[in-house]
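Q: Got a minute to go through this one with me? Let's have it on screen.

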Amino acid sequence: KQLPFKEKNIILIGFMGVGKTTIGIHIAKKLNRDFIDVDQEIEKQYDMPVTQIFKTMGEQKFRQMEKEFIVDLCCNSRLKIISLGGGAFLQEEIRNVCLSTSIVFFLDLSFNLWKDRLHLLMDNRPVLQNKTLEEIEQLYYSRQGIYALNHSKVNTDYLKPEEVADNILHSLK
Ligand code: S3P
């Protein structure tokens, strides 16, 4: 049975570094709800940064953990503000559970603006490491289609995180 709109979780998706966590924290504060960052929860659970999980257990194992965590979270919570890792929506099971239990927003940022943040992300984003800018750009565009499928797209270009949060809240009214 579908939950009424106002009782659902709000889930933020989008490419690494677009501001899912920061914007999620703003939304949670404004709605007085709990905020959950999936990557941070996985890091706590395994007592290891994501980069280390990728290194020691491999990406496939991380994707498995990510799926289990998100499926469990979506099925057992409501009224939460949740930010997903940028790769989570590549998994169909994650897309399905999110879309059936929650309201999903895709945070979009133009590649040209995103590029300026790349240096801040390199150290702890294993999927960006050892790639040329061209390869990263390809990855960015190959993900856009998946993010944009079936969810509300929210533009973040030139906006402060709080302004994006306000726009999302406004669209819910
Ligand atoms: C990933 C994004 C990261 C993290 C992991 C893989 C991806 O999350 O889950 O490094 O494949 O896009 P953020 O989007 O929060 O950086």
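A: Before we start on the ligand: Ala, Val, Leu, Ile, Met, Phe, Trp, Tyr, Cys and Pro count as nonpolar, Asp, Glu, Lys and Arg as charged, and the others, Gly among them, as polar. Also, this is a predicted model, where local features need pLDDT of at least 70, side-chain atom pairs count only at pLDDT 80 or more, and totals for chains, interfaces and linings use all residues. Numbering runs from 1 along each chain as its sequence is written.

Q: OK, what classes make up the shell around the ligand?
A: Four nonpolar, three polar and three charged residues.

Q: Which residues are around the ligand?
A: Met16, Lys20, Asp39, Val50, Gly85, Gly86, Gly87, Arg125, Pro126 and Val127. Being near means a C-beta atom, placed from the backbone, within 6 Å of the molecule.

Q: Switching to the sheet: what's the strand order?
A: β2-β3-β1-β4-β5, five strands in an open sheet with parallel pairing. Strands are DSSP E runs of at least two residues, helices H or I runs of at least four, numbered from the N terminus; two strands pair if DSSP finds at least two bridges between them.

Q: And which strands stand at the edges?
A: β2 (35-37) and β5 (152-155), each with a single partner strand, so one side of each has no neighbour in the sheet.

Q: How many bridges between β1 and β4?
A: Five, joining residues 9-13 of β1 to residues 102-108 of β4 in the parallel sense. Ile10 stands opposite Ile103 in β4.
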